[in-house]
Amino acid sequence: FLAESCNEPAYKKLVQALCVEKNTPLVDVEDNKLLGEWAGLCKIDKDGHPRKVVGASCVCVTDFGDEQTEAYSFLMNQLGKSS
């Protein structure tokens, strides 16, 4: 995952080139705060809302989890693969 809001063009170009070189799917995300929230870089308040979200320019998923979950299906749909 790569945040479109990353303000360092050289960094974005490097990540994109590495993904092409390693044949790794890359998903663009609008905002770095949203990507940080997805990566768990935040505190969750008592009502279940994210607080103090830290932005992330790039996130790599190395463990996709259980194949029978909704989250796994969502991720595979984002990557363009059928589960």
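## Side chains at the surface and in the core

Let's start at the surface: E21 is exposed, with a relative accessible area of 59%. That value, like everything below, comes from a predicted model. From there we'll look at charged pairs, then a nonpolar core, a surface patch and a pair of rings.

**Charged pairs**

- Side chains of opposite charge can pair when their charged atoms come close.
- Searching the whole structure turns up two salt bridges.
- One of them joins the side chains of E21 and K22, with 3.9 Å from N to O.
- K22 is exposed because its relative accessible area is 58%, over the 50% cut-off.
- The side chains of R51 and D45 also meet in a salt bridge, here at 3.0 Å from N to O.
- R51 has 46% relative accessibility, so this residue counts as partly exposed.

**The nonpolar core**

- In soluble globular proteins, nonpolar side chains tend to be buried together.
- In this model, the largest nonpolar core is made of eleven residues, among them F1, V27, L35, Y72 and L79.
- Helix α3, which covers residues 70-79, supplies the largest share of this core, with four residues.
- What does L79 touch, leaving aside its neighbours within four places in sequence? L79 is in contact with P25, V27 and F64.
- V27 therefore turns up twice: as a member of the largest nonpolar core and as a contact of L79.

**A nonpolar patch on the surface**

- L34, W38 and F74 make a nonpolar surface patch of about 290 Å².
- F74 has its place in helix α3, the helix that also gives four residues to the core.
- With a relative accessibility of 41%, F74 counts as partly exposed.
- W38 is partly exposed too, at 45% relative accessibility.

**The aromatic pair**

- A pair of aromatic rings is described by the distance of the centres and the angle of the planes.
- The structure has one aromatic pair.
- The partners are F1 and W38: their ring centres are 6.1 Å apart and their planes stand at 80 degrees, so the pair is edge-to-face.
- F1 sits in the segment before β1 (2-3) and W38 in helix α2 (residues 32-38), so the pair ties together parts that are 37 residues apart in sequence.
- Is F1 buried or exposed? F1 is buried, because its relative accessible area is 14%, under the 20% cut-off.
- So the pair links F1, a member of the largest nonpolar core, with W38, one of the residues in the surface patch, through their rings.

How values were computed
Residues numbered from 1 in each chain as written. Predicted model: local features only at pLDDT ≥ 70, side-chain atom pairs only at ≥ 80, totals over all residues. Heavy atoms only, no water. Salt bridge = Lys/Arg side-chain N within 4 Å of Asp/Glu carboxyl O. Buried < 20%, exposed > 50% of the residue type's maximum accessible area, 1.4 Å probe, protein only. Core = buried A, V, L, I, M, F, W, Y, C linked by side-chain atoms within 4.5 Å. Helix = DSSP H or I, 4+ residues; strand = E, 2+ residues; numbered from the N terminus. Contact = heavy atoms within 4.5 Å. Patch = residues over 30% accessible without salt bridge, like charges linked within 9 Å, V, L, I, M, F, W, Y side chains within 5 Å. Areas by Shrake-Rupley, 256 points an atom, 1.4 Å probe, with all protein chains shown as cover. Phe/Tyr/Trp six-rings, centres within 6.5 Å; stacked < 30°, edge-to-face > 60°.
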